[in-house]
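Work through the exercises below with the sequence and the model side by side. Try each task on your own before you read the solution that follows it.

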Amino acid sequence: MHSRLPPTQMSESFRMGALLAVTGGFFDVYTYLCRGKVFANAQTGNMVLLGISVSQGQWLAALQYLLPITAFAIGIAMAEWLKAKPHGRYIHWRQTVLLLEMLLVIVAAFLPQRANVAVNILVSFICALQVEAFRKVRGSAFATTMCTGNLRSATEQMMRWHFDKDPAALSRALRYFAVIAYFILGAALGTAFSLWLHEKAILLSCLPLGTAFLLMFHEKTK
């Protein structure tokens with residue numbers, strides 16, 4: 001007889017992970033299609049391109065890659081500062097992160113094409129806030145703005161289930177694969193709306209972010 005999973009924080013629920021994975025996929029497609037073919041969610045590519053630019057003496061190009069890397073680091077620091085800052089009893093610090101994300105999304109939507117570097121810096125900052133504030137789903141480490149680690153963990157858990165026949169490992173693997181699927185769904189939606197609404201498309205990411213904000217008024221989920 002299987003025991004029921006204990007209640008968890010809403011911020012670690014699968015619903016939250018799915019909503020935020022959709023936004024993560026949306027952000028990545030948006031910056032690629034609408035803001036200069038840049039992936040702003042993760043910084044590995046920017047670090048590689050920074051190294052290439054430095055080796056070729058292209059200092060302006062190097063600065064273009066250094067700025068979002070720096071913004072990502074500042075976003076991580078900001079999330080940790082919000083976590084440590086005292087909050088009222090009616091709003092969680094993670095809800096403050098979501099409100100800040102939505103505010104910056106609105107700013108990004110109204111910046112023109114000539115400000116693409118600024119938009120990519122903003123999105124890098126937003127993604128850093130999100131990936132630092134929402135790090136777990138059902139007690140397992142997840143990322144909602146990038147998928148390499150999720151794919152690694154999903155495959156690891158599948159192999160653990162294969163060798164040990166542990167049903168909990170299978171459940172974890174399926175959750176990882178599901179979050180990856182929601183990320184891809186967000187990318188598909190981002191593609192459709194970016195081709196239709198162009199720079200303003202990012203405003204639609206406020207829908208899952210706002211839904212996540214409201215869900216967090218329910219402290220626990222089964």
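**Exercise 1: a residue in a loop**

S11 lies in the loop between β1 (8-9) and α1, where helices (H or I, at least four residues) and strands (E, at least two) are DSSP runs, numbered from the N terminus. This is a predicted model, in which local features need pLDDT of at least 70 and side-chain atom pairs count only at pLDDT 80 or more, while totals for chains, interfaces and linings use all residues. Residues are numbered from 1 along each chain as its sequence is written, and side-chain values use heavy atoms, with hydrogens and water left out.

Task: decide whether S11 is buried or exposed, and find which residues S11 touches.

Solution. Begin with the accessibility: S11 counts as buried because its relative accessibility is 7%, and buried means under 20% relative accessible area, exposed over 50%, and partly exposed in between (1.4 Å probe, protein chains only). Next, look for contacts, meaning heavy atoms within 4.5 Å. Leaving out residues up to four places away in sequence, S11 touches M16, R94, F134, K136 and M216.

**Exercise 2: the nonpolar cores**

Task: find how many residues the largest nonpolar core has, and which residues have the most contacts inside it.

Solution. A nonpolar core is a set of buried Ala, Val, Leu, Ile, Met, Phe, Trp, Tyr and Cys residues joined through side-chain atoms within 4.5 Å. The largest such core has 36 residues, and F27, L98, F134 and I202 are those with the most contacts inside it. The elements giving two or more residues to this core are α1 (14-34), α3, α4 (93-109), α5 (116-133) and α8 (206-215). A second, separate core has 9 residues, among them A21, V137, F142 and C147. As background, nonpolar side chains in soluble globular proteins tend to be buried together.

As a last step, follow F134, which touches S11, M16, L20, R94, V97, L98, F142 and M216 when residues up to four places away in sequence are not counted.

**Exercise 3: two helix pairs**

Task: work out how α2 is oriented relative to α3, and then how α1 is oriented relative to α4.

Solution. Start with helix α2 (residues 44-55) and helix α3 (residues 59-84), whose axes come within 8 Å and cross at roughly 155°. That makes α2 roughly antiparallel to α3, since angles under 35 degrees count as roughly parallel, over 145 as roughly antiparallel, 65 to 115 as roughly perpendicular and the rest as oblique. The axes are lines fitted to C-alpha atoms, for helices over the stretch in contact, and the angles run from 0 to 180 degrees between N-to-C directions. The crossing of α2 and α3 is left-handed, which is the term used if the near helix is turned anticlockwise from the far one by less than a right angle.

The contact is made by N46, M47, L49, L50, S53 and V54 of α2 together with W59, A61, A62, Y65, L66, P68 and I69 of α3. These residues divide into 11 nonpolar, 2 polar and no charged, where Ala, Val, Leu, Ile, Met, Phe, Trp, Tyr, Cys and Pro count as nonpolar, Asp, Glu, Lys and Arg as charged, and the others, Gly among them, as polar.

Now turn to α1 and α4, which pack at an angle of about 25° with their axes 14 Å apart. That makes α1 roughly parallel to α4, and the crossing of α1 and α4 is left-handed. In this pair, L20, F27 and Y30 in α1 meet L98, E101, V105, A108 and A109 in α4, and the residues of the contact divide into 7 nonpolar, no polar and 1 charged.

**Exercise 4: S140 and two positive phi angles**

Task: find where S140 is, and where R138 and K165 are placed.

Solution. S140 is in strand β3, and S140 is buried, with a relative accessible area of 9%. Setting aside residues up to four places away in sequence, S140 touches R135, R172 and Y176.

R138 is in the loop between β2 (136-137) and β3, and R138 has a positive phi of about 50° although it is not a glycine. K165 is in the loop between α6 and α7 (167-197), with a positive phi of about 55° although K165 is not a glycine. At 57% relative accessibility, K165 counts as exposed.
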